[in-house]
Amino acid sequence: PEGHVHLVRHIGVPVIDGGRVRLLMGVGNKVTDYDESDLGQLQLNGNDLWSIIVRRRAELALAEAKKAAEAATIAKSAFLANMSHEIRTPLNAITGMAHIIRRAGISAEQGERLERIEQAGQHLLDVINAILDLSKIEAGKFTLEETEVDLGSVVENVVSILRHQAQSKSLDIVVD
């Protein structure tokens with residue numbers, strides 16, 4: 001084209017990766033004729049350029065993947081926070097109603113049933129809190145709390161929750 005230097009000499013090399021030509025690289029208008037060392041140098045430069053391109057594409061893809069993973073983590077945390085609220089609200093209503101019924105005066109059998117409802121509700125709240133704790137761990141905002149554990153009451157709680165299911169299947173739960 002007008003304004004461009006007339007091409008007198010030219011060499012070109014293919015850059016091959018994975019059995020496919022990925023890039024054609026060439027130079028032109030050297031004052032003297034091109035020789036094998038020019039060809040070798042051009043090939044090395046082409047290979048290096050392709051390596052830089054591949055690495056840069058990988059870096060960009062990794063950055064995009066990291067960005068997507070961070071967005072997914074934020075979305076998951078928001079979902080967990082919303083869902084915990086949506087679950088806790090009716091669960092608190094159920095356990096609160098059980099407490100109100102208990103205060104109104106009930107039989108011993110009804111008291112046992114209400115106790116199971118309250119224990120199951122507390123167990124469900126503990127599960128929700130554990131899920132939220134996992135979310136806090138991922139966000140780096142979790143702190144450990146040191147407290148005493150009454151193993152006997154934990155075991156008794158589990159037994160009281162499972163006793164009805166076991167009895168419905170004619171099974172006994174024995175704690176030793």
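**Entry 1: ground rules**
I take a helix to be a DSSP run of H or I with at least four residues, and I number helices from the N terminus. I also remind myself that this is a predicted model.

**Entry 2: the third helix**
I started with α3, which covers residues 151–168. I wanted to know whether its span fits its residue count, so I compared the two values: at 1.5 Å a residue, the 18 residues should span 26 Å, and the end C-alpha atoms are 26 Å apart, which agrees. Then I looked for a bend and found one of about 40° at Leu162.

Which residues of α3 are buried? I noted Val159, Ser160 and Ala166.

I next checked what follows the helix. Ser170 comes after α3, and its phi is near 60°, a positive value in a residue other than glycine. That made me pause, because most residues other than glycine have a negative phi. Is Ser170 buried or exposed? Ser170 has a relative accessible area of 69%, so I put it down as exposed, the cut-off being over 50%.

**Entry 3: a nonpolar patch**
I turned to the surface and found a nonpolar patch there. Its members are Val149, Leu151, Val154, Val155, Val158, Leu162, Ile173 and Val175. Together they have about 660 Å² of accessible area. Leu162 was already in my notes as the place where α3 bends.

Where does Val149 sit? I found Val149 in the loop between α2 (108–139) and α3. Val149 counts as exposed because its relative accessibility is 64%.

**Entry 4: the strand pair**
Next I went to the two strands, β1 (residues 10–17) and β2 (residues 20–28). They pair in the antiparallel sense, over 8 bridges. I picked Pro14 and looked up its bridge partner in β2, which is Leu24.

How many residues lie between β1 and β2 in the hairpin? I wrote down 2 residues, and noted that Gly18 in the turn has a positive phi of about 65°.

I moved on to the loop between β2 and α1, where I found Asn29. Asn29 also has a positive phi, near 65°, and it is a residue other than glycine. At 30% relative accessibility, Asn29 counts as partly exposed.

**Entry 5: salt bridges in the first helix**
I asked how many salt bridges the structure holds. The answer is 8, and I followed a few of them up.

In α1 (residues 36–103) I looked at Arg55 and Glu59, which lie 4 residues apart, about one turn of the helix. I wrote a reminder here: an α-helix has 3.6 residues a turn, so residues three or four places apart point the same way. The closest N and O atoms of Arg55 and Glu59 are 3.9 Å apart, and a salt bridge needs them within 4 Å. Arg55 is partly exposed, with 48% relative accessibility. Glu59 is partly exposed as well, at 38%.

Also in α1, I found Lys66 and Glu70 joined by a salt bridge of 3.6 Å, N to O. About one helical turn separates them, because they are 4 residues apart in the helix. Lys66 is exposed, with a relative accessible area of 53%, whereas Glu70 is partly exposed, with 41%.

**Entry 6: a salt bridge in the second helix, and a network**
In α2 I checked Glu109 and Arg113, whose side chains meet in a salt bridge at 2.4 Å, N to O. They are 4 residues apart in α2, so about one helical turn lies between them. Glu109 counts as partly exposed at 48% relative accessibility, and Arg113 is partly exposed with a relative accessible area of 45%.

Then I asked which residues are joined into one network by salt bridges that share partners. The network is made of Arg55, Arg56 and Glu59.

**Entry 7: a contact check along the chain**
My last stop was Met83, which lies in α1. Met83 is partly exposed, with a relative accessible area of 33%. I looked up how far its C-alpha atom is from that of Ile128, and the separation is 9.2 Å, although the two residues are 45 residues apart along the chain.

Terms used:
Residues are numbered from 1 along each chain as its sequence is written. This is a predicted model: local features need pLDDT of at least 70, side-chain atom pairs count only at pLDDT 80 or more; totals for chains, interfaces and linings use all residues. Side-chain values use heavy atoms; hydrogens and water are left out. The expected span of a helix is 1.5 Å times one less than its number of residues. The bend at a residue is the angle between axes fitted to the seven residues ending there and the seven starting there. Buried means under 20% relative accessible area, exposed over 50%, partly exposed in between (1.4 Å probe, protein chains only). Patches are made of residues with over 30% relative accessible area and no salt bridge: like charges are joined within 9 Å, nonpolar side chains (Val, Leu, Ile, Met, Phe, Trp, Tyr) within 5 Å. Accessible areas come from the Shrake-Rupley method with a 1.4 Å probe; for residues, only the protein chains shown count as cover. Two strands pair if DSSP finds at least two bridges between them.
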